[in-house]
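User: Please take a close look at a single part of this structure, the bonds that cysteines may form, and explain what is found there. A connected account suited to a first-year student would be welcome.

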Amino acid sequence: FACPLFSASIHPSIHLAKNSETLLESSVEDTMKLTTILKVSLPILTVFMLSITFYVVSNLKSCNDELWNSDNGRSREVGMMMGGGASINENKHLPNTVNSSTRRHIISSDNSPINDSSDTTVMAMASGYDLETNKMFVGSLRKSGYKGHIILAVKPDIDPEVKTYLEENNVTIKFIKQMECTYTKEQKQDVGENEMNEGMDFDSALKEALTCLYPYPELKQRWSRFPLLRDYLLECKSCTGPVLVTDFRDAYFQRDPFGDNGHDIVGLEVFEEYHAQRTSHWLVDGPVRNCKGDKETDTFLGENHRMLCSGTTIGTREATLDYLRIMHGEMMKWMLDSKCRNHEMNGDDQSIHNYLFYAGRLPFAVAVPNRQGIVNTVGVQGSMIKKQYGGNYKMQKNEYQGADEDNGQWIGIHYDVTDKEGYFTNSDGTRSRVVHQYDRYGDPLDRWLDKQEGILW
């Protein structure tokens, strides 16, 4: 304590003594008050601090458990899909770590009830298809119980009957706009040479090849679906849940892709083709080798990985936007190199899709084995079965062996691709949610599908 100094005092010692006594009495009194306050408040303060500590620890554990369960649970699920105990960290086909990009997708994953698909989205390019094709896709999707968004891109001259049908089924229609490509002279020369080599009517083929989709005049038309679908998803503010980006013509739905006790979507899911189809196939190896060279191709694709289908991809909104952005960016690089453009090839988006995944450029993605996830890509196995009948759709009695079409069994049950009622199944025997590339099975399946009108679609 700083004692005040008194000026001009006859007996300064007396004043100092009195002040010291007063200060001493005050200090003792204050100390007793403080002791009383502490006796009362200390237990309260202790309880408060313990409560805060318990709350923080509990929430940290809950958050950690949520991240661990969402990631490691998915790891165990994919491990079982691979036929063993492999986890995300143990399987070289899957991300090695939950990095910042992956974690962002986990945190932004939608947690709505698993039977509610109202905030989810299914997207496709759907130009030029007739009413029956639209009914097969949209009709089967709605009949599955799907309540979410459907976004389809079509040309402005859409058939009025098709347009009415789509509107009645609450489809968001996006009109694409064609424009002349802004290719360089070298790019145009590549297009012309390729079309001439194909032996097509040069003028009409060249015009088509030099037509792009607005606002991407620098990107060939077949690739523009990636940035366009990204733009449409960004425009949809209520599309907050998981997203399915899919082909249109050769896909239909047997169950709600996201409802009906479906699993949580974490990050991005890419889907493997039938196990016999590998990245050594010309569709992937050829374009990647031409573009990236032998060394890079052998590094990323040299282990002959299972082929991934670029026709269907599922992810959280954030993961899907990132995937479409990354695909677009890589495609722009390929457009600038004559070794990469591939104007003469259809399906080379699958080359880029596989390259990006196996090169580690999609760290938030996992590969789902064939017949193990939401999408069942049936084309390769269908083509292999079909080849047993001479490589075409014409078969003895125009039926597959073991079929009983009168009772709904369009293909023999020994092929192990459908149940007894003709529905495609996953390897666990449950009906597949999404069937992709179904047209590879030909007439017998088409006849079965015709009989399902009003039931399946």
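Analyst: In this predicted model, Cys-236 and Cys-239 are joined by a disulfide, with their sulfur atoms 1.9 Å apart. The angle about this S-S bond is 75 degrees, and the link of Cys-236 and Cys-239 is right-handed. A residue counts as buried when its relative accessible area is under 20%. Cys-236, at 13% relative accessibility, therefore counts as buried, and Cys-239 is buried as well, because its relative accessible area is 0%.

This pair belongs to a wider set: a search of the whole structure finds three disulfides. With the bonded cysteines counted along the chain, they follow the pattern 1-2, 3-4, 5-6.

Another of these bonds joins Cys-181 to Cys-212, with 1.9 Å between the sulfur atoms. It is right-handed, at 105 degrees about the S-S bond. Cys-181 sits in the loop between strand S4 (178-180) and helix H5 (185-197), whereas Cys-212 sits in strand S5 (residues 211-213), so the pair ties together parts that are 31 residues apart in sequence. Cys-181 and Cys-212 are both buried.

There is also a disulfide between Cys-291 and Cys-340, with an S to S distance of 2.0 Å. Its torsion about the S-S bond is about 90 degrees, so this disulfide is right-handed. Cys-291 lies in helix H8 and Cys-340 in the loop between H9 and H10, so the pair ties together parts that are 49 residues apart in sequence. Both of these cysteines, Cys-291 and Cys-340, are buried.

Helix H8, which holds Cys-291, deserves a further look. A straight helix of 20 residues would span 28 Å, but H8 (residues 282-301) spans only 12 Å between its end C-alpha atoms. H8 also bends by about 125 degrees at Gly-293. The buried residues of H8 include Val-284, Pro-287, Val-288 and Cys-291, as well as Thr-297 and Leu-301. These buried residues pack against helix H9 (317-335) and helix H10 (349-358). The disulfide partner of Cys-291, Cys-340, is placed in the loop between those two helices, H9 and H10.

One more cysteine may be added: Cys-309 counts as buried because its relative accessibility is 2%. As background to the burial of these cysteines, 49% of the 457 residues of the protein chain count as buried.

Notes: Residues are numbered from 1 along each chain as its sequence is written. This is a predicted model: local features need pLDDT of at least 70, side-chain atom pairs count only at pLDDT 80 or more; totals for chains, interfaces and linings use all residues. Side-chain values use heavy atoms; hydrogens and water are left out. Helices (H or I, at least four residues) and strands (E, at least two) are DSSP runs, numbered from the N terminus. The expected span of a helix is 1.5 Å times one less than its number of residues. The bend at a residue is the angle between axes fitted to the seven residues ending there and the seven starting there. Buried means under 20% relative accessible area, exposed over 50%, partly exposed in between (1.4 Å probe, protein chains only). Contact means heavy atoms within 4.5 Å. A disulfide is a pair of cysteine sulfur atoms within 2.5 Å.
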